[in-house]
Amino acid sequence: MHINYEKFSIEELEDIKMEFDAFGYSINEPDDFCTFKGWMQRGRKVKRGEKGLPIDSKHIYSKPFYKNGRQLVDERTGRQKFYRGTQRFVLFAIQQTEELSGAEMLA
(Lines give C-alpha, C1' and ligand atoms only; values in the text may rest on other atoms or scores of the structure.)
Protein backbone atom coordinates (compact mmCIF):
# COMPACT_ATOMS: atom_id res chain seq x y z
CA MET A 1 0.00 0.00 0.00
CA HIS A 2 1.26 3.49 -0.80
CA ILE A 3 2.58 5.53 2.13
CA ASN A 4 0.30 8.50 1.32
CA TYR A 5 -2.76 6.25 1.50
CA GLU A 6 -1.64 4.85 4.84
CA LYS A 7 -1.16 8.36 6.29
CA PHE A 8 -4.50 9.47 4.83
CA SER A 9 -6.42 6.48 6.23
CA ILE A 10 -5.16 7.22 9.76
CA GLU A 11 -5.07 11.04 9.77
CA GLU A 12 -8.53 11.44 8.27
CA LEU A 13 -10.28 8.43 9.81
CA GLU A 14 -13.03 10.45 11.54
CA ASP A 15 -14.01 12.23 8.29
CA ILE A 16 -13.96 8.92 6.40
CA LYS A 17 -16.20 7.34 9.07
CA MET A 18 -18.74 10.17 8.69
CA GLU A 19 -18.77 9.90 4.89
CA PHE A 20 -19.32 6.13 4.93
CA ASP A 21 -21.94 6.47 7.67
CA ALA A 22 -23.94 8.77 5.37
CA PHE A 23 -23.95 5.94 2.81
CA GLY A 24 -25.00 3.33 5.39
CA TYR A 25 -21.66 1.60 5.96
CA SER A 26 -20.18 1.16 9.43
CA ILE A 27 -16.46 1.95 9.58
CA ASN A 28 -14.52 1.51 12.82
CA GLU A 29 -10.86 1.29 11.78
CA PRO A 30 -8.65 1.75 8.70
CA ASP A 31 -8.91 -1.99 7.88
CA ASP A 32 -12.67 -1.53 7.22
CA PHE A 33 -12.10 0.38 3.95
CA CYS A 34 -9.62 0.49 1.10
CA THR A 35 -9.14 1.37 -2.57
CA PHE A 36 -10.08 -1.01 -5.40
CA LYS A 37 -6.45 -2.11 -5.89
CA GLY A 38 -5.89 -2.27 -2.14
CA TRP A 39 -8.72 -4.78 -1.72
CA MET A 40 -7.23 -6.92 -4.48
CA GLN A 41 -3.87 -6.89 -2.66
CA ARG A 42 -5.69 -8.01 0.51
CA GLY A 43 -7.30 -10.96 -1.27
CA ARG A 44 -10.74 -9.40 -1.73
CA LYS A 45 -12.60 -7.95 -4.69
CA VAL A 46 -15.23 -5.23 -4.98
CA LYS A 47 -18.64 -6.69 -5.74
CA ARG A 48 -20.06 -6.00 -9.21
CA GLY A 49 -22.06 -2.77 -9.36
CA GLU A 50 -20.69 -1.27 -6.13
CA LYS A 51 -19.81 2.42 -6.27
CA GLY A 52 -16.73 3.83 -4.60
CA LEU A 53 -16.77 6.86 -2.34
CA PRO A 54 -14.40 9.59 -3.63
CA ILE A 55 -12.77 11.46 -0.75
CA ASP A 56 -10.32 14.33 -1.13
CA SER A 57 -7.62 14.57 1.52
CA LYS A 58 -7.50 17.63 3.73
CA HIS A 59 -3.76 17.28 4.36
CA ILE A 60 -0.94 17.95 1.90
CA TYR A 61 0.97 14.93 0.56
CA SER A 62 4.03 14.63 -1.70
CA LYS A 63 3.88 12.50 -4.81
CA PRO A 64 6.60 12.10 -7.49
CA PHE A 65 5.87 13.32 -11.02
CA TYR A 66 6.04 10.73 -13.81
CA LYS A 67 6.02 11.06 -17.61
CA ASN A 68 5.86 7.98 -19.83
CA GLY A 69 6.58 5.78 -16.81
CA ARG A 70 9.74 7.66 -15.82
CA GLN A 71 10.27 9.94 -12.87
CA LEU A 72 10.71 13.58 -13.89
CA VAL A 73 13.96 15.25 -12.86
CA ASP A 74 14.60 18.99 -12.61
CA GLU A 75 17.16 19.82 -15.31
CA ARG A 76 18.80 22.58 -13.26
CA THR A 77 19.24 20.74 -9.97
CA GLY A 78 19.14 17.10 -11.07
CA ARG A 79 16.64 16.38 -8.30
CA GLN A 80 13.41 14.47 -8.67
CA LYS A 81 10.26 16.61 -9.12
CA PHE A 82 7.36 16.23 -6.69
CA TYR A 83 3.74 17.32 -6.59
CA ARG A 84 2.66 18.64 -3.20
CA GLY A 85 -1.05 18.91 -2.63
CA THR A 86 -4.22 17.12 -1.74
CA GLN A 87 -5.06 13.72 -3.19
CA ARG A 88 -8.33 12.00 -4.07
CA PHE A 89 -8.88 8.41 -2.99
CA VAL A 90 -11.86 6.33 -4.12
CA LEU A 91 -12.71 4.05 -1.21
CA PHE A 92 -14.86 0.96 -0.76
CA ALA A 93 -16.14 -0.40 2.57
CA ILE A 94 -15.43 -4.02 3.43
CA GLN A 95 -19.20 -4.70 3.11
CA GLN A 96 -18.85 -3.84 -0.60
CA THR A 97 -16.30 -6.61 -1.12
CA GLU A 98 -16.07 -10.39 -1.13
CA GLU A 99 -13.20 -12.82 -0.80
CA LEU A 100 -11.38 -13.81 -3.96
CA SER A 101 -11.79 -17.44 -4.94
CA GLY A 102 -8.71 -19.58 -5.60
CA ALA A 103 -9.09 -19.29 -9.40
CA GLU A 104 -9.40 -15.49 -9.20
CA MET A 105 -6.27 -15.21 -7.07
CA LEU A 106 -4.23 -17.04 -9.71
CA ALA A 107 -5.40 -14.78 -12.55
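Welcome to the tour. Start by selecting helix α2, residues 13-22, and colour its buried residues: Leu 13, Ile 16 and Phe 20. Because these residues cover an arc of only 60° around the axis, they sit on the same side of α2. The spacing follows a simple rule: an α-helix has 3.6 residues a turn, so residues three or four places apart point the same way. Keep in mind as you look around that this is a predicted model.

**The other face of α2**

Now turn the helix over. On the face turned away from the buried side of α2 you will meet the exposed residues Glu 14, Met 18, Asp 21 and Ala 22.

Which elements do the buried residues of α2 pack against? Select α1 (3-11), β1 (33-34), β3 (53-56) and β8 (88-93), and you have the partners on screen.

Just past the helix, stop at Gly 24. This glycine follows α2 and has a positive phi, near 90°.

**Helix α1**

Next, select α1. Its buried residues are Asn 4, Tyr 5, Phe 8 and Ser 9. They are on the same side of α1, because their arc around the axis is only 130°.

The face of α1 turned away from that buried side carries two exposed residues to highlight, Ile 3 and Ile 10. For the packing partners of the buried residues of α1, show α2, β1, β3, β4 (61-64) and β8.

**Ser 26, in a loop**

Follow the chain on from α2 towards β1, and in the loop between them you will find Ser 26. Is Ser 26 partly exposed or buried? Ser 26 counts as partly exposed, since its relative accessibility is 45%.

Draw a distance from the C-alpha of Ser 26 to that of Ala 93: these atoms are separated by 8.1 Å, although the two residues are 67 apart along the chain. Then show what touches this serine. Leaving aside neighbours within four places in sequence, Ser 26 is in contact with Asp 32 and Gln 95.

**Asn 68, in another loop**

Now jump to the loop between β5 (66-67) and β6 (70-71), where Asn 68 lies. Most residues other than glycine have a negative phi. Asn 68 is not a glycine, yet its phi is positive, about 55°. Switch on a surface here: Asn 68 is exposed, with a relative accessible area of 76%.

**Zooming out**

Finally, show the whole protein as a cartoon. How many helices and strands are there? The secondary structure comes to 4 helices and 9 strands. Walking along the sequence, you pass them in the pattern α-α-β-α-β-β-β-β-β-β-β-β-α.

Rotate the C-alpha trace to see its extent: about 50 × 35 × 20 Å along the principal axes. The radius of gyration of the protein is 17 Å, whereas a compact globule of 107 residues would have one near 13 Å.

Colouring by burial gives another view, with buried residues making up 30% of the 107. The protein exposes about 7,700 Å², and carbon and sulfur atoms supply 50% of that area.

Contacts also tell you how the chain folds back on itself. Of those between residues at least 6 apart in sequence, 70% join residues at least 24 apart.

For a last stop, colour the charges. The protein has 18 positive and 17 negative ones, and the mean positions of the two sets are 9 Å apart.

Methods. Residues numbered from 1 in each chain as written. Predicted model: local features only at pLDDT ≥ 70, side-chain atom pairs only at ≥ 80, totals over all residues. Heavy atoms only, no water. Rg over C-alpha atoms; globule rule 2.2 N^0.38 Å. Buried < 20%, exposed > 50% of the residue type's maximum accessible area, 1.4 Å probe, protein only. Contact = heavy atoms within 4.5 Å. Areas by Shrake-Rupley, 256 points an atom, 1.4 Å probe, with all protein chains shown as cover. Lys, Arg positive; Asp, Glu negative; His and termini not counted. Charge placed at Lys NZ, Arg CZ, Asp CG, Glu CD. Arc of directions from axis to C-beta.
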